[in-house]
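I opened the file today and kept notes as I went. The entries follow the order in which I looked things up.

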Amino acid sequence: MNKLSLKNLNKEKRETILGWLMVSPFLIGFVCFTAIPMIASLIISFTEWDMLSNPEWIGFDNYKTLFFEDPLALHSLNITILFTIVSIPLNIVFGLALAMLLNTSIRGLSIFRTIFYLPAILSGVAVALMWRWIFSSEFGLLNALLSIIGIEGPAWLTDRIWVLPSFVIMRLWSVGGGMIIYLAGLQSIPTNLYEAANIDGANWWHRTRFITLPMLSPTIFFQLIVGFIFSMQIFTEAFIMTNGGPADASLFYLLYLYRQAFQYFDMGYASALAWVLFIVILLLTIIIFKTGRFWVYYEGETKRTNI
Amino acid sequence: MRKKFSSKILVYFLLISGSIAVLMPFFWMLSTSLKKLSHVFRFPPEFIPDPIVWSNYPEALTQLPFGLYFINSILVTGGCLLGELIVSAIVAYSFARLRWKGRDFIFIICLSTMMLPRQVTLIPEFIIFKELGLLDTFWPLILPSWFGNPFYIFLMRQYFLTISTELDDAAVIDGCSKFGIFWRIILPLSTPVLATVAIFSFQYNWNDFFRPLIFLFSNENFTLALGLRFFQGNYGTQWNYLMAVSLIVMLPLIIVFFVAQKRFIQGVVFTGYK
């Protein structure tokens, strides 16, 4: 008996050692590429440093500049948030609408699904170049199509007012990414819920409002969070399509951070910018999480409020 | 009945017009890439180029060493993919199938790094690689992948959890070690999630522009994304060439998508719908 438990202990020990061993690449990576760099960037953010001379400790000066003296920093944060606030809900609504259209037992479902999903796998420079050409005010596709119906299109990427909407339109093109997920969610809603609702005389709106949306709300919630974090980090498209112009109207936050760090080599200020972005994303994510309590429905969870 | 019929027509109408809207940019790219330069700048534009200039493709692709960029992209993408696949699987196995003290705590750390905007660590990372003398090499792009990727670790862990432990027990009786179980049982049974991770990793690294932009400087080290941007700088108004090269850069992804479409969709659904 005693011998057996000793053997078990050994086995447990061996499993513990193996467990730590197998997880160690992640731990080493976490320490080297996440934990230490995060602390380092926090420390650097309190210095002035051009990477050539020694860093100089300047306390909160970088943060003071960021919030009170440098209008461009706040401007870039504002337009990034504005872009996100407009773009993400539109993407959710269009993605949901497409998924609901595809979920109506139509023919050719897989063809439509493929077509709508294709843009979601593409991103980066090639896509940005494509959109830059589409938005070309004189010879672009968009204004050519608008002229067919007699509308003279704006200058899009070179117009201070239209440049942000251009980015919103571009992101709508890849709405299929969310659509795929909503479609899977829709297909997993038990049909008996709809049957019961039909017996009660529910119409399309009732079914959508009281069955589809609540059942899908955890999925929508997840997409909202992921989309938000992703959208706040828009960079490549802006870098290629406008490089922040015209007149800084599309100077998204990361574009500004990139300039400070890798064009002006102001590493201290860039680190402060990075930390502010991190905190802003964290705070807004927490706020979204808190609101989730009011509209996300989890099955199996008893609802205390009225139904 | 009639109402049902007309609403069906409306659904098809919306789906077909949506499809046209989604495909139109591709068509526009293709059309521009086959035009003579003088025909590119016409308004209203001709949608079917006349004449069709196939030679735009070889001409555009020989303006810059795109063959070299392609090889570089393959090396970087492949190096990242291998690392993320192998290491993430090992780490995920430890999280999913081994019992050890502190496991859940470490797993929570792993999950929380998933949400972290990578820019917070970027500048110190740049400094580390500068001190190591590894700027303008592929190491800053590939090396972090060999410590696992939290998102892929999470994906694989979830999948490993769904594999029945009865096989493990049988293997233990046959004298198989815990690592042997991982190697001989879990991995062969996990091809769907491995394929999904491979596709995601390929897609992400092929498209990635930000990190190559920061870590690579010299022309002979450029990836396709950087080369394309360089090309834009030099031939900014030659839209027929630009669109030709852009399409070529997209092509590998489009091919992978059509070959492995099922895996793509399964993977996305698996990650996004919980």
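**Entry 1: where the chains touch**

I began with the contact between the two chains of this predicted model. I found 71 residues of chain A in contact with 75 residues of chain B. Then I asked which helix of chain A gives the most to the side that touches chain B. It is helix α1 of chain A, residues 2-44, with 19 residues. I also sorted the side of chain A that touches chain B by class: 52 residues are nonpolar, 17 are polar and 2 are charged.

**Entry 2: one helix pair across the chains**

Next I looked up helix α13 of chain A (residues 267-295) and helix α6 of chain B (residues 119-131), whose axes are 8 Å apart and pack at an angle of about 155°. Angles over 145 degrees count as roughly antiparallel, so α13(A) is roughly antiparallel to α6(B). On the α13(A) side I listed A:M267, A:A270, A:S271, A:A274, A:W275, A:L277 and A:F278. On the α6(B) side I listed B:Q119, B:V120, B:L122 and B:I123. This contact has 9 nonpolar residues, 2 polar ones and no charged ones.

**Entry 3: one helix pair inside chain A**

I then turned to helix α4 (residues 109-121) and helix α8 (residues 176-187), both of chain A. Their axes lie 7 Å apart, and the packing angle is about 125°. I put the pair down as oblique, because that is what the angle makes of α4(A) and α8(A). From α4(A) I noted A:F116, A:Y117, A:L118, A:P119 and A:A120, which meet A:G176, A:G177, A:M179 and A:I180 of α8(A). The classes here are 7 nonpolar, 2 polar and no charged residues.

**Entry 4: each chain as a whole**

For chain A I counted 13 helices and 2 strands. Its C-alpha trace spans about 90 × 75 × 40 Å along the principal axes. The radius of gyration of chain A is 25 Å, whereas a compact globule of 307 residues would have one near 19 Å.

For chain B the count is 15 helices and 0 strands. Its C-alpha atoms fill a box of roughly 75 × 70 × 35 Å along the principal axes. Chain B has a radius of gyration of 24 Å, against a value near 19 Å for a compact globule of 274 residues. The domain assignment gives chain B a domain 1 (2-57) and a domain 2 (64-234). I noted 37 Å between the C-alpha centres of these two domains of chain B.

**Entry 5: single spots in the backbone**

I looked up a cis peptide bond between A:G245 and A:P246, with omega about -10°. A:P246 sits in the loop between α11 (236-241) and α12 (253-262) of chain A. The bond from B:D50 to B:P51 is also cis, with omega near 5°. B:P51 is in the loop between α2 (37-40) and α3 (56-63) of chain B.

A:M51 is not a glycine, yet its phi is positive, about 75°. I placed A:M51 in the loop between β1 (47-48) and β2 (56-57) of chain A.

**Entry 6: confidence**

Last, I checked the scores. The model has ipTM 0.90 and pTM 0.91. In chain A the mean pLDDT is 90, and 94% of the residues reach 70 or more. Where does the pLDDT of chain A fall below 50? It does so over residues 302-307, a stretch with 0 contacts in the model beyond near neighbours in sequence. Chain B averages a pLDDT of 90, with 98% of its residues scoring at least 70.

Methods
Residues are numbered from 1 along each chain as its sequence is written. Chains are lettered from A and ligands numbered from 1 in the order in which they are written. This is a predicted model: local features need pLDDT of at least 70, side-chain atom pairs count only at pLDDT 80 or more; totals for chains, interfaces and linings use all residues. Axes are lines fitted to C-alpha atoms, for helices over the stretch in contact, and angles run from 0 to 180 degrees between N-to-C directions. Helices (H or I, at least four residues) and strands (E, at least two) are DSSP runs, numbered from the N terminus. Angles under 35 degrees count as roughly parallel, over 145 as roughly antiparallel, 65 to 115 as roughly perpendicular and the rest as oblique. Two residues are in contact if their C-beta atoms, placed from the backbone, lie within 7 Å. Ala, Val, Leu, Ile, Met, Phe, Trp, Tyr, Cys and Pro count as nonpolar, Asp, Glu, Lys and Arg as charged, and the others, Gly among them, as polar. Domain bounds come from an automatic or database domain assignment. pLDDT is the predictor's confidence in each residue, from 0 to 100. The radius of gyration is taken over C-alpha atoms; the globule rule is 2.2 Å times the number of residues to the power 0.38.
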